[in-house]
Amino acid sequence: MVGKHPNTVEEWFSKMEEKLIHYVQRINNEKVYDQNDLKLALFINDKREEKWSFDEIFKKLVKINDLRPFPSEEASKESTTIDINFNSRFERDPESLFFEIAQDNEVIQMFKYHSLRVMYIASMLAKRAECYDEDLRVAALLHDIGKMGVSKNILLKPEKLSDLEYIIIQSHSHIGNVIVRKRLGLTQAARYIRDHHEWWDGGGYPRRLVGDEISVQGRIISICDAFDTMTIDRRNYKKTTLTYDEAFSELRRCSWTQFDGNLVNMFIAMMSEAKIPEFMLNEV
């Protein structure tokens with residue numbers, strides 16, 4: 001299928017990761033393709049044989065395989081206001097919803113690249129855990145969407161939060177759950193968003209679930225959210241970032257209390273060899 005160039009398939013998927021929201025699992029720094037990846041590769045190969053351009057192929061992939069392009073900064077700036085009732089064009093388009101809200105809401109704008117990174121690494125981890133689906137990807141992208149209902153002064157407060165302020169912070173999981181369930185109709189994705197601050201030992205929120213009561217997708221987002229916050233995006237806590245090794249140690253320390261220890265081990269093995277795309281390392 002790859003003809004004279006053995007690296008052709010890898011080049012195709014690298015281009016897909018650059019242009020489309022699609023990720024290939026990596027083990028020992030080698031890409032490992034699943035059945036869906038192979039179907040995509042066969043489709044690309046067939047269309048290249050028919051002399052289709054890559055742009056034409058990618059446009060078709062978006063239509064027939066539910067892959068979506070990363071919205072450009074220019075596209076997100078086309079609209080400067082948001083209808084709080086959410087125009088029907090967003091009902092099945094989470095990326096458009098996210099970028100539209102991020103454009104208009106200062107809090108979501110601040111965490112835009114954090115959300116993209118969590119989506120990226122959570123998708124990779126879910127593939128390793130063999131539980132990847134579209135709802136996981138959407139939930140990881142929109143996990144902080146409920147923060148649009150929380151004051152920036154509370155979110156970014158450098159001092160210790162009052163009991164009332166902490167309750168308000170906790171509400172963002174419920175708000176995000178309602179937005180995604182009511183406006184997008186994605187009940188599973190909404191559940192994962194609701195679960196992403198639950199703790200393995202029952203000490204989390206909003207429902208104090210314990211262990212396997214928490215969706216595995218919610219547990220995955222929890223780990224990826226915490227890791228990105230520790231290593232890159234610390235503005236909401238006004239603290240310095242940690243190195244990967246320091247963050248790994250913190251994840252291990254919190255295994256089987258805050259986090260699923262098995263997923264932590266899987267995550268650390270993955271991130272020891274994974275690389276986050278450069279454009280996702282931007283900050284607002």
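This is a short talk on the core, one buried helix, and several side-chain pairs of a single protein chain, shown here as a predicted model.

Let me start with the overall picture. The chain has 284 residues, and 49% of them count as buried. In terms of secondary structure, there are 14 helices and 2 strands. The accessible surface comes to about 14300 Å², and 48% of that surface belongs to carbon and sulfur atoms. If you take the contacts between residues at least 6 apart in sequence, 63% of them join residues at least 24 apart.

Now the inside. In soluble globular proteins, nonpolar side chains tend to be buried together. In this chain, the largest nonpolar core has 50 residues. Which residues have the most contacts inside that core? They are I121, L142, F267 and M271. Several helices supply at least two residues each, among them α5 (94-104), α8 (134-141), α10 (163-183) and α14 (261-271). The largest share comes from α7, with 10 residues.

Take I121 as an example. Leaving aside neighbours within four places in sequence, I121 is in contact with C224, F227, F267, M270, M271 and I276. Two of the names on that list, F267 and M271, you have just heard among the residues with the most contacts in the core.

Next, L136, which is found in helix α8. Is L136 buried or exposed? Its relative accessibility is 0%, so L136 counts as buried. With residues up to four places away set aside, L136 touches A122, S123, A126, Y192, Q217 and I221. L136 and I193 are 57 residues apart along the chain, yet their C-alpha atoms are separated by 9.0 Å.

On to helix α12. It has 16 residues, and at 1.5 Å a residue it should span 22 Å. The end C-alpha atoms are 23 Å apart, which agrees with the expected span. How many residues of α12 are buried? The count is 15 of the 16, so this helix is largely enclosed by the rest of the structure.

Charged residues are part of that enclosed helix too. Side chains of opposite charge can pair when their charged atoms come close. The count of salt bridges here is 10, and I will go through three of them.

One is between D228 and R117, where the closest N and O atoms are 2.6 Å apart. D228 lies in helix α12 and R117 in helix α7, so the pair ties together parts that are 111 residues apart in sequence. Buried means under 20% relative accessible area. D228 has 1%, so D228 is buried. R117 has 0%, so R117 is buried as well.

Another one joins the side chains of R219 and D260, at 2.6 Å from N to O. R219 lies in helix α12, while D260 is in the loop between α13 and α14, so this pair ties together parts 41 residues apart in sequence. R219 is buried, with a relative accessible area of 12%. D260, at 7% relative accessibility, also counts as buried.

The last of my three is between D195 and R191, whose closest N and O atoms are 3.8 Å apart. Both residues lie in helix α11, 4 residues apart, which is about one turn of the helix. An α-helix has 3.6 residues a turn, so residues three or four places apart point the same way. What about burial? D195 has 0% relative accessibility and therefore counts as buried. R191, at 31%, counts as partly exposed. These two also belong to a network of salt bridges that links R191, R194 and D195.

One more residue, H143. It is found in the loop between α8 and α9 (152-155). Loop or not, H143 has 0% relative accessibility, so H143 counts as buried. Which side chain does the side chain of H143 make a polar contact with? That partner is H114, at 3.3 Å. Beyond four places in sequence, H143 is in contact with H114, S115, V118, H172, I193, H196, I221 and D225.

To sum up: the largest nonpolar core has 50 residues, and its largest share comes from α7. Helix α12 is largely enclosed, and one of its residues, D228, forms a salt bridge with R117. That is all from me.

Note on methods. Residues are numbered from 1 along each chain as its sequence is written. This is a predicted model: local features need pLDDT of at least 70, side-chain atom pairs count only at pLDDT 80 or more; totals for chains, interfaces and linings use all residues. Side-chain values use heavy atoms; hydrogens and water are left out. A nonpolar core is a set of buried Ala, Val, Leu, Ile, Met, Phe, Trp, Tyr and Cys residues joined through side-chain atoms within 4.5 Å. Buried means under 20% relative accessible area, exposed over 50%, partly exposed in between (1.4 Å probe, protein chains only). Contact means heavy atoms within 4.5 Å. Accessible areas come from the Shrake-Rupley method with a 1.4 Å probe; for residues, only the protein chains shown count as cover. The expected span of a helix is 1.5 Å times one less than its number of residues. A polar contact is a pair of N or O atoms within 3.5 Å; within protein, one must be able to donate a hydrogen and the other to accept it, and residues adjacent in sequence count only if both atoms are side-chain atoms. A salt bridge is a side-chain nitrogen of Lys or Arg within 4 Å of a carboxyl oxygen of Asp or Glu.
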